[in-house]
Amino acid sequence: MSAARARRIALAAQGFGVARPDTAAARHLRQTARDLGVIQIDSVNVVSRTHYLPAFSRLGHYPRETLEAEAWGRTPSFFEYWGHEASLLPLDSQPLFRWRMARAEAGEGLWSGTARFGRERRAYIDGILAEIEQRGPVTGGDFATGPRGAPGWWSWSDGKRALEWLFWAGKITTATRRGFERVYDLPHRTLPAAVLDRPTPTEAEAQRQLVRISARAMGVATAADLRDYFRLPLADARARIGELVEAGELVPVTVEGWDKPAFMVPACRKPRRIAARALLSPFDNLIWFRERTERLFGVRVRLEIYTPAHKRVHGYYVLPFLQDEAITARVDLKADRKAGVLRVQAAWREPDADGETPGALAEELRLAARWLGLDRVEVVEHGDLASTLTDALKRSD
């Protein structure tokens, strides 16, 4: 198939190309999560924490507290676990990750430092678990004792390391969050019995279903794409893809310009065109695998948060702009909540930008500002699209 057709199929699979609801409700949010299969969590709040953004990109203005209720309310429909990275996942998929929990308990598939801590300090970890059983919900701060590593992002106390090991192993889960801090509790006190009582599938069965979800969510995907979506082990991903091809559930396809074979679910949507407009979080499912983003859109997207300021090309927290079937611009955004301003610190055009791009981007930025509770959009004159975008915002005032 042509690269353009593959791109349309991929966009449709990700929920683009359909009209946004007039009023986005909880059911729309739940459907978006089911369609995507996983929503990445990240703490950076310069615009909005990323787990709020995929639904905004697809649904438009929706109440942010709706996501909080679905994730951490009294009757949630999501749960937290390691799906892609730290993720929100549909509650029904919890049994599909029990193999990963079992491997983590055996010291496999988790960060090396956490695995080592689990081997060397198991009695301490068991003591933490017993205390949670007795005390109820806890945070990392409740166990902020013991030696710490060097100062920095990953400087955890022994208590925090124990909680992370228990989380990986499925012994505890996220009951809620306070601000962004996890509050942990036992699964049977947090998740519905109807989910926990479901039979545990074999590793192969669970992984096949995760590949099915990945294939459906991506439309057209290489083996590397399918593996990355839920971060499956290489050998396991290859085996499960082969089994699904043999069963006729995945169809091998060749995409023009792609240097690797791809796979497609036969029943996926195959639209003739895509009409869409969206600001994309750098952790959005559509673009989080950078190699795939280049294949689909011909655009190189890199996260520059950890790049020294003087070496950044596009900015600190940059959101690509999807215009119909192309990424036509990118903007470095900052929500200045005190001033009530969404600041466009830089705006850059991409090769597929056209005369409609500034106006379309201006409209989407205004929508984002309203959704974030900000009064206006201001553009700093930096980047080759900045002045045109400023004019477009003035025309729409």
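1. Let me start inside the protein, with the make-up of one cavity wall: the lining of the largest cavity counts seven nonpolar residues, three polar ones and one charged. Bear in mind as you read on that this is a predicted model. The volume of this largest cavity is about 60 Å³, and the count of cavities of 30 Å³ or more comes to three.

2. Who lines that space? Around the largest cavity you will find Phe-79, Glu-80 and Tyr-81, then Gln-94 and Met-101, and further along the chain Phe-167, Gly-170, Ile-172, Thr-173, Pro-187 and Leu-191. Strand β2 is the top contributor here, giving three residues to the lining. That makes β2 a handy place to go next.

3. β2 spans residues 78–82 and is one of the edge strands of its sheet, the other being β1 (39–40). The sheet itself is open, with three strands in the order β1-β3-β2 and antiparallel pairing. As edge strands, β1 and β2 each pair on one side only. As a reminder, strands of a sheet pair through backbone hydrogen bonds, either parallel or antiparallel.

4. How many bridges hold β2 and β3 together? There are five, and β3 covers residues 86–90. If you want one pair to click on, take Tyr-81, whose bridge partner in β3 is Ser-87. Tyr-81 also turns up in the lining of the largest cavity.

5. A helix goes with this sheet. Helix α2, residues 26–36, lies across β1, β2 and β3. Its direction makes an angle of about 30° with β2.

6. The same helix leads to a pocket: α2 provides the largest share of the lining of the second largest pocket, with five residues. This pocket has a volume of about 370 Å³. Its lining runs to 21 residues, and those closest to the centre are Ala-12, Ala-13, Gln-14, Gly-15 and Asp-35. Besides α2, the elements giving two or more residues to the lining are α1 (3–13), α3 (53–59) and α10 (203–218).

7. What is the mix of residue classes around that pocket? Eleven of the lining residues are nonpolar, five are polar and five are charged. Asp-35 is among the residues closest to the centre of the pocket, so when you open the model, that is a spot to look at.

8. Back to enclosed space. The second largest cavity holds about 50 Å³. Its lining takes in Met-218, Asp-225, Asp-228 and Tyr-229, the run Asn-285, Leu-286, Ile-287, Trp-288 and Phe-289, and finally Arg-292 and Thr-293. By class, six of these are nonpolar, two polar and three charged.

9. Which elements supply at least two residues each to this second lining? They are α11 (223–229) and α13 (290–297). Of these, α11 gives the most to the lining of the second largest cavity, with three residues.

10. There is another open sheet to look at, made of three strands in the order β6-β8-β7, with antiparallel pairing. Here β6 (220–222) and β7 (251–253) are the edge strands, each pairing on one side only. Direction ignored, neighbouring strands of this sheet are turned against each other by 40° on average.

11. Within that sheet, β6 and β8 (residues 262–264) run antiparallel and are joined by three bridges. For a pair to check on screen, Ala-221 has Phe-263 in β8 as its bridge partner.

12. Last, a helix pair. The axes of α14 (residues 357–371) and α15 (residues 386–395) come within 8 Å and cross at roughly 65°, and the crossing is right-handed. On the α14 side the contact uses Pro-358, Gly-359, Leu-361, Ala-362, Leu-365 and Arg-366, which meet Thr-388, Leu-389, Ala-392 and Leu-393 of α15. Seven of the contact residues are nonpolar, two are polar and one is charged.

How values were computed
Residues numbered from 1 in each chain as written. Predicted model: local features only at pLDDT ≥ 70, side-chain atom pairs only at ≥ 80, totals over all residues. Heavy atoms only, no water. Pairing = 2+ DSSP bridges. Helix = DSSP H or I, 4+ residues; strand = E, 2+ residues; numbered from the N terminus. Contact = heavy atoms within 4.5 Å. Axes fitted to C-alpha atoms, helices over the stretch in contact; angles between N-to-C directions. Left-handed = near helix turned anticlockwise from the far one by under 90°. Nonpolar A, V, L, I, M, F, W, Y, C, P; charged D, E, K, R; others polar. 1 Å grid on protein atoms, 1.4 Å probe; cavity = no way out; pocket = protein on both sides within 12 Å on 5 of 7 lines; lining within 4 Å. Points joined across faces, edges and corners; volume = space filled by probe spheres on them.
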